[in-house]
Amino acid sequence: MVTIDDLRSVARPVDGPPPDGSVTMVLHDDSEADAVLLYLAADRSRQAVRVLLRSEDIGYVRRDSVYEFFPELSKRLGDTARVHPPLDAPPSAYRWMELRCPEPECAEGPVLTMHLNEDDPPRCPRHTGQPLRLEP
Ligand SMILES: [Zn+2]
């Protein structure tokens with residue numbers, strides 16, 4: 001199991017606006033940190049994910065950073081959906097909710113979180129103050 005500090009140690013600061021459509025993951029504690037690696041491992045097209053600890057911006061965790069945690073997987077990672085990183089829980093153990101900005105044509109990518117406070121949802125970084133909505 002990795003921790004948020006592990007992610008922090010490999011994360012790259014966000015300098016400038018994130019690429020259009022890039023995914024943001026909002027974590028709440030260490031128990032969710034593995035999910036970032038699983039997310040990257042599940043699909044080769046996922047190059048990086050922006051990680052927030054609650055409202056704190058940790059930065060980008062890149063796909064090649066995942067190799068630091070699991071060097072034995074090396075380039076095989078993402079070649080098959082059946083790669084099993086040595087983690088405590090399967091990907092299905094994590095239930096992500098997908099939030100989106102309600103502004104039409106907003107280029108901000110989906111925000112994934114496991115906890116949603118309906119009274120205080122995350123806000124769109126590109127439309128300040130616009131609360132993100134749960135994708136149906
Ligand atoms: Zn927006």
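## Overall architecture

The chain contains three helices and six strands. Along the sequence these elements follow the pattern α-β-α-β-β-α-β-β-β. The structure is a predicted model, and its mean pLDDT is 80, with 82% of the residues scoring at least 70. One segment calls for caution: over residues 74–87 the pLDDT stays under 50, and the model has 20 contacts beyond four places in sequence for this segment.

Two chain-wide values describe the packing. Of the 136 residues in the chain, 22% are buried. Among contacts with a separation of 6 or more, 59% are between residues 24 or more positions apart.

## The sheet

The six strands form an open sheet with mixed pairing, in the order β3-β2-β1-β5-β4-β6. The edges are occupied by β3 and β6 (133–134); each has a single partner strand, so one side of each lacks a neighbour in the sheet. Helix α2 packs on the sheet and touches β1, β2 and β3, and its direction makes about 165° with that of β2.

At the β3 edge, β2 and β3 run antiparallel and are joined by six bridges. Within this pairing, Ala 48 stands opposite Arg 62 in β3. Towards the other edge, strand β4 (residues 97–100) and strand β5 (residues 111–113) run antiparallel and are joined by three bridges, with Met 97 opposite Thr 113 in β5. Strand β4 is also joined to β6 by two bridges, again in an antiparallel arrangement; here Leu 99 stands opposite Leu 134 in β6.

## The nonpolar core

In soluble globular proteins, nonpolar side chains tend to be buried together. The largest nonpolar core of this model has 24 residues, and those with the most contacts inside it are Leu 7, Val 36, Val 49, Val 51 and Val 61. At least two residues of this core come from each of α1 (4–10), β1 (24–27), α2 (34–41), β2 (48–53) and β3. The largest share, five residues, is supplied by α2.

Val 61 illustrates how these elements meet. Leaving aside neighbours within four places in sequence, Val 61 is in contact with Leu 7, Val 10, Ala 11, Val 36, Ala 48, Val 49 and Val 51. This list includes Leu 7, Val 36, Val 49 and Val 51, which are themselves named with Val 61 as the residues with the most contacts inside the core.

## Asp 57 in the edge strand

Asp 57 lies in strand β3 (residues 56–62). The residue is partly exposed, because 14 other C-beta atoms lie within 10 Å, a count between the limits of 12 or fewer for exposed residues and 20 or more for buried ones. Beyond neighbours within four places in sequence, Asp 57 is in contact with Val 14 and Leu 52. The C-alpha atoms of Asp 57 and Thr 24 are 10.0 Å apart, while the two residues are 33 residues apart in sequence.

## His 127 and its contacts

His 127 is located in the loop between β5 and β6. With 14 C-beta neighbours inside 10 Å, His 127 is classed as partly exposed. Not counting residues up to four places away in sequence, His 127 touches Cys 101, Glu 103 and Cys 106. For Cys 101, the C-alpha separation from His 127 is 8.1 Å, and the two are 26 residues apart along the chain.

## Loop residues with positive phi

Most residues other than glycine have a negative phi. Two loop residues in this model have a positive value. Arg 54, which is not a glycine, has a phi of about 50° and is placed in the loop between β2 and β3. Arg 54 counts as exposed, because its C-beta neighbours inside 10 Å number 11.

Glu 105, also not a glycine, has a phi of about 65° and belongs to the loop between β4 and β5. With 5 C-beta neighbours inside 10 Å, Glu 105 likewise counts as exposed.

Notes: Residues numbered from 1 in each chain as written. Helix = DSSP H or I, 4+ residues; strand = E, 2+ residues; numbered from the N terminus. Contact = placed C-beta atoms within 7 Å. Core = buried A, V, L, I, M, F, W, Y, C linked by C-beta atoms within 7 Å. Pairing = 2+ DSSP bridges. Axes fitted to C-alpha atoms, helices over the stretch in contact; angles between N-to-C directions. pLDDT = per-residue confidence, 0-100.
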